[in-house]
Amino acid sequence: MMDWSSFSIGNAAGFIKGPGTAFDEALRSAATDITIGSITMSPREGNSGNVYHLMHDGTSVNALGLPNPGIKAIQAVAENMSERAGAVGKTPRWSIAGFSVDDYVALAEALFEYGRLELNLGCPNVWGDSGQKPIASFDIALMSAIVSAVSRRLPDLYFDIKVSPYSDPSMVQRVADLVRNSRVYSIVTCNTYPNGMAHNGKRRELDTPGGYGGVGGNALFPIALGQVAQFVSALEGTGIHVIGVGGIDSGERTHAMHDVGASGIQIGTAYGERGARVFSNIFTELSLIP
């Protein structure tokens, strides 16, 4: 039987925004890691209207828009949340999302003492007056600036970065080259696929500009699995870990992620639909796989 003791299993960013019921349930769950956020400098209500749609096959399309109470509110409760997670043997992971290099540095400085940091560089669901905001993980120069700035300000800190799915395989290698000699501990792959659409045959389901949202859940799994395998290959010999995200909803899919080299997984759509019991279900299913 395979040893899963060093394999991390937890929720993806976007579901636990601070203390409360979701966090309490995660503390009682079988998860090894609890991701809080993504957290931004200022409070955000997120996008309005219908911003989430689940299809019959388990594929999701969302445009939540990073709803969160902002860094000041989170910083006030971070120590308590970290202590509570540690008391039950779980690793708190703080997902941070900036709109500038300076934002990422400030957010990292505010939270690095309270657990693992995950720099969310791949959120596609943020709109402003000028339209959809650029996605950092498609801009190598911007990614490099963010990683370098956080590393300079906190030179002893190792942190994770979460990136978008790359349809151009050369981007995987470019990101791997970027992090090769950096303080990046893990690459979390992948965020939702940008600008998908749910349509009921008459109208677009999401109340966002164009009806666009990030695709997750079932349709994303083969893409996410391929991203993990490519990053594991590109990062061979570096010691940098890869965490798989996207459409993971079972022990079988968790096992597949492990098989291609992931050191852990995060669960988004299935966690949002089933709650914290999804973690114990997966561990049960894993125990039955020869």
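This report walks through the pockets, the cavity, one helix and one loop residue of a predicted model.

Residues are numbered from 1 along each chain as its sequence is written, and side-chain values use heavy atoms, without hydrogens or water. Because the model is predicted, local features need pLDDT of at least 70 and side-chain atom pairs count only at pLDDT 80 or more, while totals for chains, interfaces and linings use all residues.

**Empty space**

Let's start with the spaces, compared in this table.

| Space | Volume | Nonpolar | Polar | Charged |
|---|---|---|---|---|
| Largest pocket | about 670 Å³ | 16 residues | 20 residues | seven residues |
| Second largest pocket | about 280 Å³ | 13 residues | five residues | one residue |
| Largest cavity | about 40 Å³ | three residues | five residues | two residues |

On a 1 Å grid over the protein atoms alone, a cavity is a set of points where a 1.4 Å probe fits but cannot get out; a pocket is an open set with protein on both sides within 12 Å along at least five of seven lines, and lining residues have an atom within 4 Å of a point. Volumes are the space filled by probe spheres set on the points, which are joined across faces, edges and corners. Ala, Val, Leu, Ile, Met, Phe, Trp, Tyr, Cys and Pro count as nonpolar, Asp, Glu, Lys and Arg as charged, and the others, Gly among them, as polar.

Around the largest pocket there are 43 lining residues, with F15, N62, T192, G268 and T269 closest to its centre. Helix α8 gives the most to this lining, five residues. Helices (H or I, at least four residues) and strands (E, at least two) are DSSP runs numbered from the N terminus.

In the second largest pocket, G98, F99, K133, P134 and A136 lie nearest the centre. For the largest cavity, β1 (8–11) is the top contributor to the lining, with four residues.

**Helix α5**

Which residues of α5 (169–179) are buried (under 20% relative accessible area, 1.4 Å probe, protein chains only)? They are M171, V172, V175, A176, L178 and V179. Seen down the helix axis, these fall within an arc of 160° (directions from the axis to the C-beta atoms), so they line one face of α5. They pack (contact means heavy atoms within 4.5 Å) against α4, β9, β10 and α6.

**T208**

T208 sits in the loop between β11 and β12, and counts as buried because its relative accessibility is 11%. Its side chain reaches the backbone oxygen of Y212 at 2.7 Å. Beyond neighbours within four places in sequence, T208 is in contact with V51, A63 and W127.

Notes:
Buried means under 20% relative accessible area, exposed over 50%, partly exposed in between (1.4 Å probe, protein chains only). A polar contact is a pair of N or O atoms within 3.5 Å; within protein, one must be able to donate a hydrogen and the other to accept it, and residues adjacent in sequence count only if both atoms are side-chain atoms.
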